[in-house]
Amino acid sequence: MQPFIDRAELDEQTFHDPAIRGEIIAMFLDQAPTILAAIDGGTGAARADSAHRLKGSALALGARPLAEAASGLEMEPDSAAALANLRLTLEKTLETLRQLVP
């Protein structure tokens, strides 16, 4: 299994600047609960739109497994399995990100 965060990709996305990396991670950690609430509270197209937003944010962090899980929910927004996969992958991604900030 690939890592939840590709550190090389994250470093590239943040110009190898620890301050920028910290800011991007902090923003994601702050926004993730809101996006997850929108996903949980939405259905159909609204859920797909929220999953799409999450996918974009995940790619900016080098969180490919999360982007893939979000893409799965975007394609099948009413799938319980896709939602469960996204929730688990998001939880693991958040754990990993929290370890990367001081």
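1. The crossing of H2 and H5 is left-handed, in what should be read throughout as a predicted model. The two helices pack at an angle of about 165 degrees, and their axes lie 11 Å apart. Since angles over 145 degrees count as roughly antiparallel, H2 and H5 are therefore roughly antiparallel to each other.

2. On the H2 side, this contact is made by Ile25, Phe28, Leu29, Ala32, Leu36, Ile39 and Asp40, while H5 contributes Leu83, Leu86, Arg87, Leu90, Leu94, Leu97, Arg98 and Leu100. By residue class, the contact of H2 with H5 divides into 12 nonpolar, no polar and three charged residues.

3. H4 also packs on H5, at an angle of about 160 degrees and with the axes 9 Å apart, which makes H4 roughly antiparallel to H5. The crossing of H4 and H5 is left-handed. From H4 the residues involved are Pro65, Leu66, Ala69, Ala70, Gly72 and Leu73, and they meet Ala82, Leu83, Asn85, Leu86, Thr89, Leu90 and Thr93 in H5. The residues of this contact of H4 with H5 divide into nine nonpolar, four polar and no charged.

4. For H3 and H4 the packing angle is about 165 degrees, and the axes are 8 Å apart, which makes H3 roughly antiparallel to H4. H3 passes H4 in a left-handed crossing. The residues of H3 that take part are Arg47, Ala48, Ala51, His52, Leu54, Lys55, Ala58 and Leu59, and those of H4 are Arg64, Leu66, Ala67, Ala70, Ser71, Leu73 and Glu74. Sorted by class, the residues of the contact of H3 with H4 comprise nine nonpolar, two polar and four charged.

5. Turning to the interior, the largest nonpolar core has 25 residues, and within this core Phe28, Leu54 and Leu86 touch the most other members. Two or more residues come from each of helix H2 (18-41), helix H3 (44-61), helix H4 (64-75) and helix H5 (80-100), with H5 giving the largest share, seven residues. As a general background to such a core, nonpolar side chains in soluble globular proteins tend to be buried together.

6. Leucine 54 deserves a separate look in the viewer. Leaving aside residues up to four places away in sequence, Leu54 touches Phe28, Ile35, Ile39, Leu66, Ala70 and Leu86. Leu54 is also one of the H3 residues in the contact with H4, whereas Phe28 and Leu86 both appear in the contact between H2 and H5.

7. At the N-terminal end of the model, aspartate 11 is found in helix H1 (residues 7-13). Its relative accessibility is 18%, so aspartate 11 counts as buried, the cut-off for that class being under 20%. Not counting residues up to four places away in sequence, aspartate 11 touches His16 and Arg21.

8. The loop between H1 and H2 holds two residues whose backbone a reviewer may wish to inspect. Phenylalanine 15, found in this loop, has a positive phi of about 55 degrees although it is not a glycine, and at 64% relative accessibility phenylalanine 15 counts as exposed. Histidine 16 lies in the loop between H1 and H2 as well, and has a positive phi of about 60 degrees, again without being a glycine. Histidine 16, at 58% relative accessibility, counts as exposed, although aspartate 11, which histidine 16 touches, counts as buried at 18%.

9. Two pairs of residues separated along the chain may help with orientation. Alanine 8, which lies in helix H1, counts as exposed at 53% relative accessibility, and its C-alpha atom is separated by 8.0 Å from that of glycine 62, with the two positions 54 residues apart along the chain counted as their sequence separation. Alanine 37, in helix H2, is partly exposed, with a relative accessible area of 47%. Alanine 37 and serine 50 are 13 residues apart in sequence, and their C-alpha atoms are 9.3 Å apart in space.

Methods. Residues are numbered from 1 along each chain as its sequence is written. This is a predicted model: local features need pLDDT of at least 70, side-chain atom pairs count only at pLDDT 80 or more; totals for chains, interfaces and linings use all residues. Side-chain values use heavy atoms; hydrogens and water are left out. A nonpolar core is a set of buried Ala, Val, Leu, Ile, Met, Phe, Trp, Tyr and Cys residues joined through side-chain atoms within 4.5 Å. Buried means under 20% relative accessible area, exposed over 50%, partly exposed in between (1.4 Å probe, protein chains only). Helices (H or I, at least four residues) and strands (E, at least two) are DSSP runs, numbered from the N terminus. Contact means heavy atoms within 4.5 Å. Axes are lines fitted to C-alpha atoms, for helices over the stretch in contact, and angles run from 0 to 180 degrees between N-to-C directions. Angles under 35 degrees count as roughly parallel, over 145 as roughly antiparallel, 65 to 115 as roughly perpendicular and the rest as oblique. A crossing is left-handed if the near helix is turned anticlockwise from the far one by less than a right angle, and right-handed if clockwise. Ala, Val, Leu, Ile, Met, Phe, Trp, Tyr, Cys and Pro count as nonpolar, Asp, Glu, Lys and Arg as charged, and the others, Gly among them, as polar.
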